[in-house]
Every structure is written in structure tokens, then in C-alpha cells.
There are 4 protein chains.
Amino acid sequence: MTTPAPASAASGSEQLILTLSCPDQPGIVHAVSGVVTGVDGNIIQSQQFGDPDSGLFFMRVEADSPSGRGPVEAGMAEVGSRFGGTWRVEESGRPLRTVVMVSREGHCLTDLLYRQRSQGLPIDVVAVVGNHPDLAPVAQFYGVPFLLVPVTKDTRQRAEDELLDLVRAERVELIVLARYMQVLSPAVCEEMAGRVINIHHSFLPSFKGARPYAQAHERGVKLIGATAHYVTPDLDEGPIIEQDVARVTHADSTADMVALGQDVERRVLAQAVRWHCEHRVLMDGSRTVVFSR
Amino acid sequence: MTTPAPASAASGSEQLILTLSCPDQPGIVHAVSGVVTGVDGNIIQSQQFGDPDSGLFFMRVEADSPSGRGPVEAGMAEVGSRFGGTWRVEESGRPLRTVVMVSREGHCLTDLLYRQRSQGLPIDVVAVVGNHPDLAPVAQFYGVPFLLVPVTKDTRQRAEDELLDLVRAERVELIVLARYMQVLSPAVCEEMAGRVINIHHSFLPSFKGARPYAQAHERGVKLIGATAHYVTPDLDEGPIIEQDVARVTHADSTADMVALGQDVERRVLAQAVRWHCEHRVLMDGSRTVVFSR
Amino acid sequence: MTTPAPASAASGSEQLILTLSCPDQPGIVHAVSGVVTGVDGNIIQSQQFGDPDSGLFFMRVEADSPSGRGPVEAGMAEVGSRFGGTWRVEESGRPLRTVVMVSREGHCLTDLLYRQRSQGLPIDVVAVVGNHPDLAPVAQFYGVPFLLVPVTKDTRQRAEDELLDLVRAERVELIVLARYMQVLSPAVCEEMAGRVINIHHSFLPSFKGARPYAQAHERGVKLIGATAHYVTPDLDEGPIIEQDVARVTHADSTADMVALGQDVERRVLAQAVRWHCEHRVLMDGSRTVVFSR
Amino acid sequence: MTTPAPASAASGSEQLILTLSCPDQPGIVHAVSGVVTGVDGNIIQSQQFGDPDSGLFFMRVEADSPSGRGPVEAGMAEVGSRFGGTWRVEESGRPLRTVVMVSREGHCLTDLLYRQRSQGLPIDVVAVVGNHPDLAPVAQFYGVPFLLVPVTKDTRQRAEDELLDLVRAERVELIVLARYMQVLSPAVCEEMAGRVINIHHSFLPSFKGARPYAQAHERGVKLIGATAHYVTPDLDEGPIIEQDVARVTHADSTADMVALGQDVERRVLAQAVRWHCEHRVLMDGSRTVVFSR
């Protein structure tokens with residue numbers, strides 16, 4: 001699973017995911033479904049949404065193509081050009097080449113690797129990158145290379161170069177910050193725009209910053225939460241993919257909230273990663289369109 | 001709002017909802033979107049689902065039609081015939097002519113009428129029918145006729161006739177059993193098949209029958225629930241539209257569960273009624289396809 | 001139910017709620033349970049909590065007292081004095097004399113009055129005060145006086161005086177701001193400190209201020225929420241009693257969020273009011289201890 | 001942590017958990033708090049509940065004892081005898097000696113071991129017992145012995161003997177059935193009554209038996225659930241400790257429900273195990289009293 005499959009041979013049918021974002025206008029659905037019909041394909045599932053605020057139209061189609069991927073890409077290229085939009089044709093189920101970045105807390109990493117192995121989470125983890133060595137054994141257990149890249153004031157630039165080298169050498173498609181406690185540099189954010197997912201341990205926009213559970217405890221909230229979002233240079237402000245909460249009481253200390261919050265964090269992050277890898281998340285300015293099942 | 005609007009005049013654009021169920025096969029989406037394109041219309045939102053178990057395909061489209069409803073109906077008739085399916089074209093936002101049936105507990109009725117008045121729930125309540133007089137003042141407050149139809153062994157047939165007369169005279173499109181504690185006759189079930197929604201005060205299939213909270217308390221469950229479903233002659237077995245739960249503890253008596261459950265019941269029932277009236281619920285054998293937002 | 005019952009006659013047993021907050025130290029539970037034992041009473045339910053942060057201890061006891069209320073009050077006075085704490089002895093189930101303040105949106109008012117009548121919410125609504133006349137019919141339906149107190153720059157002082165007159169004349173114990181869109185004056189906040197509950201239509205501390213749903217939509221959050229809190233002069237910063245959330249998607253407009261949010265608001269507010277009236281909420285600095293069931 | 005600590009030396013204070021179940025009657029709380037006061041101890045947290053149905057009273061106290069455990073046990077023995085109840089004095093935070101039993105699915109085992117290592121779940125896993133070898137590597141990764149005990153018609157008796165030998169040799173205090181797909185024998189159920197926790201992959205009492213997700217899919221429910229309960233010889237009927245649910249739609253296949261359900265299962269099981277090990281769960285006939293935080 002470490003190498004993307006080539007465009008399927010002529011022999012068999014291929015299951016594809018088509019996505020399109022473009023200015024809203026008549027005829028889009030008909031044009032896209034026409035591409036599928038044109039290859040004698042069949043639409044299995046499809047969702048559309050027109051955003052009245054941004055004036056954009058979003059579409060995701062799962063379809064069988066007896067003629068394979070080539071003619072569908074050709075068709076979508078024509079449609080995308082005609083409607084002035086952004087489009088993609090992806091092989092359904094293909095795992096994305098992923099780097100998971102971690103610090104010391106392992107709940108998200110453990111969960112992602114478990115789900116990848118046992119629950120069909122479509123990621124192909126080419127490496128775990130940690131700025132601490134603590135989680136190397138977890139990576140090892142799942143047979144994934146662990147790369148120790150410490151980050152200090154002096155090594156920050158070198159660390160960043162190492163990461164970009166890895167991303168390019170391994171043709172990385174997705175970076176998941178699984179409780180990685182360092183800030184990614186603007187250069188990485190830019191190169192991987194829309195392809196870096198972070199889990200923030202609060203219900204954003206509440207409690208930005210580094211100590212959200214302590215803040216939550218101090219404020220006396222009755223629910224704590226977690227937020228998975230795309231990373232942008234503007235910290236904790238990227239487009240939100242998924243959020244969830246858990247109930248807490250006056251009897252829960254900050255430490256209790258940390259433990260309770262870990263459950264929410266790993267669940268929310270895994271959900272966001274799954275949706276991203278199934279090409280269900282489309283960018284709508286600073287927001288996301290999520291075509292969840 | 002008590003009379004369905006006529007097909008819109010040629011002058012203005014009309015917003016329509018198209019639904020289609022048919023055996024799954026290539027070309028359905030293209031054909032339906034072609035109907036919209038053919039009238040120079042625009043698809044606002046659309047959802048599709050193919051059920052691998054039943055082999056059926058389901059589709060719901062919200063579209064603007066500058067040519068009004070007529071040509072869209074003609075187009076869908078052709079498509080329905082070609083693909084061997086069931087189709088409907090509905091005016092978006094038109095409230096359905098509804099009878100709400102009640103006994104003594106008013107939480108669901110109060111909620112439905114409140115939502116109809118203040119939250120745009122698209123029902124047009126032509127009458128509240130009660131087998132007890134208790135809730136007449138609630139109907140009166142909201143300006144809805146209240147019809148007292150007591151049901152005893154002797155009057156059961158007469159009560160049923162009265163209900164069917166009302167349904168026919170008022171061209172009723174939906175009956176909502178809002179904690180109505182009598183069983184509808186097979187004749188009514190048949191005449192209104194797929195158009196009678198009941199709220200059952202348990203998380204079906206747990207605790208069928210008349211005393212679910214007492215059963216739940218006795219069993220010591222930690223969550224109680226409610227289920228909105230279409231009514232079939234087979235009691236508590238109709239297709240489920242929506243369910244939800246609330247947490248309970250050992251300290252909750254049966255009476256506490258009843259009170260807590262009422263919140264879930266009214267929320268679940270209102271959600272199911274809204275989805276039904278927005279034509280989001282399609283029947284898939286003994287199950288439902290719900291194209292929720 | 002409009003007048004608090006006098007201390008019960010010697011003849012019958014009385015059910016009481018005892019609460020105590022004091023600096024944490026050994027012997028508190030034993031002292032309080034000794035008060036109950038001393039009157040041949042029986043503890044039905046009891047909860048305690050020691051806050052390691054504030055060093056305070058909180059206790060709530062439901063007990064039967066065959067000797068009535070007097071000797072229990074005497075005992076608690078002694079205990080309170082010995083441990084340097086704040087204590088109360090309340091008749092269990094006695095509804096609190098309540099004023100509900102509203103503007104134009106009726107979902108919370110309708111819900112509170114419905115629950116008071118049909119679900120045993122222990123409030124005795126002596127008046128509904130509105131700065132708009134819109135909700136007078138709702139109050140009238142439930143047989144509650146409606147007092148129109150418009151608030152403009154010129155009338156603000158007079159409105160405040162009118163409210164304080166009402167509070168004093170009617171011995172009001174609780175003010176509920178049921179989507180009241182005006183700010184209470186510091187004078188009222190002070191006189192009724194710890195006895196004014198507001199529902200804020202966001203998941204505080206996210207989205208303070210007047211337009212939380214619009215802010216939530218703009219930020220693209222995936223959950224919206226509501227917060228019931230005690231009112232302090234510091235707007236939207238009072239101690240939180242209860243919070244809850246509802247899921248939203250990219251397809252929900254601000255108006256959709258408003259409608260969905262109303263469900264959360266009324267549920268959260270009713271829960272907070274019930275807990276307050278059952279004397280389950282104790283103040284712990286800027287936080288609350290909630291001895292929920 | 002494999003050996004329970006001896007009663008603490010005279011030097012230091014010890015944190016204890018006291019539980020008591022007895023017929024409801026006046027004076028219980030005063031008597032128990034008197035035990036704590038008698039050793040110059042301090043109550044940190046305490047909860048009580050009287051069940052009007054069973055007539056039983058339940059109590060849980062967390063207390064510091066400067067005199068250690070001995071005198072508290074002596075005091076509770078006297079109290080238990082006086083009130084005709086069942087009592088325990090446990091060291092707070094002491095992990096219970098636990099056997100986890102598994103078949104092929106590893107999500108619950110992985111989760112329990114992760115939480116034990118990283119989240120302070122107070123279990124001391126002395127062995128993982130599997131009737132298949134699949135999960136041996138997981139046990140190995142966490143440094144826990146794995147015992148393969150296949151179960152066939154012929155080996156059932158031998159397997160049972162082996163398990164009982166292990167339980168006795170290792171002084172096992174808790175057995176967790178973490179998706180163990182065999183039925184425990186009545187002999188084991190009896191010997192370990194109230195100390196075997198199972199996770200059932202449905203929202204009991206819905207969908208008893210072996211294929212709950214298939215049944216749930218067929219019935220078209222909109223929520224699936226999981227139930228952690230004590231094991232009794234009466235299958236799927238033991239006292240419920242905890243339940244939770246997850247939302248599903250028409251688009252979720254049985255396989256999707258299995259994957260979604262695993263999240264609920266592991267969360268519910270871990271919660272139940274934690275509460276059991278913190279001595280928060282008391283048996284009330286066929287129900288449980290759960291003094292959750």
C-alpha cells in the first residue's frame with residue numbers, strides 16, 4: 001500500500017471520487033453526471049451544496065467507471081474549464097501518503113495507527129516524526145519508521161528542512177499533527193496548504209493557545225471539546241473540519257479534563273482524517289464543506 | 001396557507017423539490033439533472049443514495065425552475081417511466097395539511113404548534129383530534145380547531161369513520177400521533193400509508209408496548225430514548241425516521257424518566273415531522289432513507 | 001402555591017434541603033448528619049465536594065425531619081457558625097417566587113411555563129416582564145400577569161425602578177432572563193446577586209456579545225451551543241450553571257442555526273432553573289458546584 | 001503495583017474509599033462519618049442514595065485517615081453489623097488485579113492497555129487470555145503475559161479449569177471480557193460474581209445475541225449502542241453499568257456500523273472498568289448504583 005496504484009488497466013472497472021468547486025451556475029450537476037454517463041459509468045453516491053454566502057457550488061461524486069480513470073479526468077478537465085472551477089479525480093479507497101507528527105502524548109498516534117491497521121482508515125503512514133523520542137516504540141510496534149527531529153531555537157531551521165525533504169522524497173500527501181506541540185513554519189504551511197490537519201485540544205474558538213484545559217477548568221465550563229482543523233499560518237484559526245465535546249463537572253480537575261479530553265481529541269482527529277482521505281472535505285474560504293455520510 | 005398554491009404563474013421562478021426512487025442503474029442523475037437543465041433551471045442542493053441491499057436508488061433535488069412546475073412534472077414523468085421508479089415534484093416550503101392526534105399529554109402538541117408558529121415548521125394543522133378533552137385549550141390558543149373523538153369499545157368504529165371523513169374532507173396529507181394512546185385501525189393505516197408518523201416513548205426495538213419507562217427503570221438502563229416512525233398495522237414495527245436518547249441514572253425514578261423522556265420525544269417527533277414535510281424521507285422497504293441536511 | 005408554606009406544624013414530618021459551604025476541615029459531614037440525627041430525621045440523599053483549588057467544602061442534604069424545620073435551622077446555625085460557613089435550610093419542592101423577563105422570542109418563556117404547569121418545574125411565576133408586548137398572550141394563556149416595561153435611553157431608570165419595586169413587593173426569589181435582550185443594571189445585579197439566571201445563545205466563552213450565531217456561522221464551527229449562567233455586572237462572564245451543544249453543518253445558514261439553537265437554549269435554561277430551584281447549585285468563586293442527580 | 005500495599009504504617013496518612021449498602025434507616029451517614037471523625041480523618045468526597053424501590057441505602061466515601069486503614073475497618077465492621085449491611089474499605093487508587101479475555105477483535109484490549117499505561121486506569125493486568133492467538137502481539141507490546149486458551153466442545157472444561165486456576169493463583173479481582181466471543185461457565189460466573197464485566201455490542205435490551213449490528217442494520221435504527229454490564233449466568237441480562245450510542249444513517253452498511261460501534265464499545269467498556277475499579281458501582285438487585293463523578 002506504500003505506492004499509489006497506477007491508473008487501472010483497461011480490463012476492469014474502477015471506482016472513482018470526483019470533486020468540483022466552482023462559481024454556482026446552472027448546469028453543473030448535469031455536466032458532471034454527463035461525464036460519468038459518457039464513460040458508461042454509474043453514480044453510486046453524490047452530494048452537492050451551493051453556498052449562498054460565497055456564491056460557490058461544491059460537488060462530490062462516487063462513481064464506477066468501466067473505462068478507467070483517463071476519460072473521466074479528460075471529461076472533468078473540460079467541465080472544470082467550462083465552469084471555472086477546481087476539480088479532482090481520485091481513486092476511491094486509495095490511502096494517502098501520510099506523515100504523523102508527535103511530541104510526547106501518544107493517544108492520537110496510537111489511535112490513528114490502530115485504525116489504519118484494523119479499521120481501514122485510508123492512510124499510508126510513511127513516517128512518524130517526533131521532536132521527542134518517547135513514541136518511537138509505538139511506531140515500531142506498527143512497523144512504521146520513526147524519525148526523531150528535535151526542535152530547539154538553534155535547530156528549528158534544520159528541522160524544517162528535514163521535514164520538507166521527507167515530504168518531497170516520499171511524495172507526502174497529508175501531514176497530521178497528532179498533538180505535536182511545535183508550530184509549523186510558514187514555508188511548510190504554504191507548501192502543504194490544505195493538506196495539514198491539526199487537533200486542537202479545545203472547542204475553538206474558545207481557549208486558543210497552549211493550556212486550554214487549565215483555562216477551561218478556571219472558567220468553570222460544563223463541557224470540554226476538541227477541534228480538528230486545517231493548519232494555516234494564522235495559529236488556531238484554520239478552517240474547522242470537525243468538533244466534539246464531553247461533559248465535565250465541578251469535580252473534574254484540570255488533570256481529569258486532560259484525560260477526558262484525550263478521548264474527544266483522538267475521536268475528532270480520526271474522524272477528520274477519514275473524511276479528508278475520503279475526499280469529503282472541500283475548502284470554502286475560511287470554512288469547510290464536509291460531505292459526511 | 002390552508003390551500004396549496006396553484007402551479008406558479010409563468011411570470012416567476014418556482015422552487016421545487018424532486019424525489020425519485022427506482023432500481024439502481026446508470027444514467028439516473030444525468031436524466032434528472034437533464035430535466036432541470038431542460039427548463040433552464042438550477043440545482044440548489046441534491047443528494048443521492050444507492051442501497052446495495054435493496055438494489056434501489058434514491059434521489060432528492062432542490063431546484064429553481066424559471067418555467068414553473070408543469071414542464072418539470074412532465075420531465076419527471078418521462079424519467080420515472082423510463083427508469084421504472086416512483087417520483088414526486090413538490091413545491092418547496094409548502095406546509096402539509098396535517099391532523100395532530102392527542103390524548104392527555106400535551107408536550108408534543110405544544111411543541112409542534114409552537115414550532116409551526118415561530119420556527120417555520122412546514123405544517124398546516126387543519127385540526128387537533130383528541131380522545132380526551134384535556135388539550136382543547138392548547139389548540140384554541142394556537143387558533144386550531146379541536147375535535148373531541150372519544151374512543152371506547154362501542155364508539156371505535158364511529159371514531160374511525162369520523163377520522164376518515166375528516167381526512168378526506170380536508171384533503172389531509174399527514175397525520176401526526178403526538179402521544180395518542182390509541183391504535184389506529186388498519187383501514188386508516190392503509191389509506192394513509194407512509195403519511196402517519198408516531199412518536200414511541202422508547203428507543204425501539206427496546207421496550208415496545210405501553211409502559212416503556214417503567215420497563216426501562218426496572219431494567220436499569222443508563223439511557224432512555226424515543227423513536228419517531230411511520231405507522232404500519234404492525235405495532236411499533238414501522239420504518240424508523242429518527243431516534244435520540246437522554247442519560248439517566250440510578251437516582252431517576254420512573255416519573256423522572258417520564259419527564260426527561262418528554263424532552264426527547266418532542267425533539268425527535270418535531271425533527272421527523274420537519275424532515276417528512278421537507279420531503280427528505282424516502283421509503284426503502286422497512287427502512288427509511290433520510291436526506292437530512 | 002403563591003405563598004411559601006409556614007414552618008410545618010408539629011404534627012407531620014417535613015422534607016428539607018440543607019446546604020452548606022465552608023472552608024474544608026474535618027468533621028463537617030459528621031456535624032451536619034448529627035443535626036439530622038438529632039431531630040430523629042433521616043437522610044434521603046446527600047452529596048459533598050471539597051474543592052482543592054478554593055479550599056472550600058460544599059454539601060447538600062435532603063432529609064426528613066419529624067420535628068419540622070425549626071430545630072434543623074437551629075442546628076445548622078450552630079454548625080455554620082462553628083465551621084465559618086454559609087448555610088440554608090429549604091423546604092423541599094417549594095417553588096421559588098420567580099419573575100421571567102423577555103423580549104420578543106418566546107421559545108424559552110413558552111417552555112418554562114409549560115414545564116411549570118406540566119412537568120413540575122418548581123417555579124411560581126409571579127410575573128412575566130417584557131420590554132416588548134409580543135409575548136403577553138403566552139403569559140395570559142398560562143394565567144400569569146404580563147408587565148410591559150419598555151426600555152429606552154429615557155426610560156431606563158424608570159424601568160429599573162419598576163423592576164425593583166416588583167421584586168420587593170412580590171418577595172421575588174429568582175429572576176430568569178429568558179432571551180431578554182437588555183442589560184440589567186448593576187443595582188439589580190447587586191440586590192439579586194446569585195439569583196438571576198441568564199441564557200446566553202452560545203457556548204461561552206466562545207462568541208460573547210449580541211450576535212453569536214452569525215459569528216458561529218462565519219467561523220464555520222461544527223457545533224453550536226448555549227450557556228445558562230448567573231448574571232454578574234461583568235457581561236457574559238458570570239458563573240456557568242449548564243451548557244449544551246447541537247451539531248450543525250456547512251449547509252446550515254445563520255437562520256438555521258438560530259432555529260436549532262433555540263432547542264438547546266430552552267433545554268439548557270430549563271435545566272439550570274430546575275437545578276437552582278432544587279438548591280443543587282452552590283457558588284464557588286467564579287464557578288459553580290452543581291449537585292445534579 | 002502487583003501486590004496490594006499493606007495497611008499503611010503509622011507514619012503517614014492513607015486515602016481510603018468506604019462503601020456501604022444496607023437497609024435504609026436513620027443514622028447511617030452520621031455513623032459512617034463518625035468512623036472517619038473517630039480517626040481524626042477528613043471526608044474528601046461522599047455520595048449517598050436511598051432506593052425507594054428496593055428500600056436499600058448506598059454510600060461511598062473518600063476519606064483521609066491519619067491512623068491508616070485498621071481502625072477504619074474496625075469502625076466500618078461495627079457500623080455494617082449495626083445496620084445489617086455490606087461494607088468495604090479500599091485503598092484509593094490501588095489497581096485491581098485484572099484478567100482481560102479476548103477473541104480476535106483488538107480495539108477494546110488495545111484501549112484498556114493504553115489507558116492503563118498512559119491514563120492511569122487503575123487496573124493491573126496480570127494476563128490477557130485469548131481463545132485465538134491473534135492479539136498476543138498487543139499484550140506483548142504492553143509487557144503483559146498472553147495465555148492462549150482455545151475453546152472447543154472438547155476443551156471447554158479444561159479451558160474453564162485453566163481460567164479458574166489462573167484466577168486463584170493470581171488472586172484475580174476482576175475479569176474483563178473485551179469482546180470475548182465465548183460464554184463463561186456458570187462456575188466462573190458464580191466464583192467471580194459481581195467481578196466480571198462484559199461489553200455487549202448493542203444498546204441492551206435491543207439486539208441481544210451474537211449479531212447485533214446486522215440486526216440493527218436490518219431494523220433501520222438511527223443510533224447504535226454498546227452496553228457494559230456485569231456478567232450473570234443469564235446471558236445479556238446482567239446489571240448494566242454504562243451505555244452509550246452513536247448516530248448512524250441509511251448509508252451505513254453493517255460493516256460501517258461495526259467500525260462505528262467499536263468506538264462506542266471501547267469507550268463504554270473503559271468507563272465501566274474505571275468506575276468499577278474506583279469502587280463507584282454498587283449492586284442494587286438487578287440494577288446498579290453508579291456514583292460517577
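**Entry 1: chains A and C**

I began with the salt bridges in this predicted model, and found six across the interface of chain A and chain C. I noted one of them by name: the side chains of Arg219(A) and Glu237(C) meet at 3.6 Å, N to O. I then looked up polar contacts across the interface of chain A and chain C and recorded 17 residue pairs, both residues at pLDDT 80 or more.

On the side of chain A that touches chain C, I listed the elements that give two or more residues: α7 (212–219), β11 (240–247) and β13 (287–290) of chain A. Of these I marked β11(A), which gives the most, with seven residues. By class, I entered 14 nonpolar, eight polar and ten charged residues for that side.

For extent, I recorded 32 residues of chain A in contact with 32 residues of chain C. The two chains bury about 2,800 Å² between them, with 54% of it on carbon and sulfur atoms. I noted that Arg219(A), Lys222(A) and His250(A) lose the most area to chain C within chain A, together 26% of what that side buries.

**Entry 2: the second largest pocket**

I next turned to the second largest pocket, which holds about 600 Å³ of space. I found 34 residues in its lining, and those nearest its centre are Glu62(A), Glu278(A), Arg280(A), Arg293(A) and Asp256(D). The elements giving two or more residues to this lining are β1 (14–23), β2 (42–51), β3 (56–65) and α8 (254–277) of chain A, β2 (42–51) of chain B, and α8 (254–277) of chain D. I noted that β2(B) supplies the largest share, three residues. By class, I entered eleven nonpolar, twelve polar and eleven charged residues for the lining.

Methods
Residues numbered from 1 in each chain as written. Chains lettered and ligands numbered in written order. Predicted model: local features only at pLDDT ≥ 70, side-chain atom pairs only at ≥ 80, totals over all residues. Heavy atoms only, no water. 1 Å grid on protein atoms, 1.4 Å probe; cavity = no way out; pocket = protein on both sides within 12 Å on 5 of 7 lines; lining within 4 Å. Points joined across faces, edges and corners; volume = space filled by probe spheres on them. Helix = DSSP H or I, 4+ residues; strand = E, 2+ residues; numbered from the N terminus. Nonpolar A, V, L, I, M, F, W, Y, C, P; charged D, E, K, R; others polar. Contact = heavy atoms within 4.5 Å. Buried area = accessible area lost by both parts, 1.4 Å probe. Salt bridge = Lys/Arg side-chain N within 4 Å of Asp/Glu carboxyl O. Polar contact = N/O pair within 3.5 Å; in protein donor to acceptor, adjacent residues only side chain to side chain.
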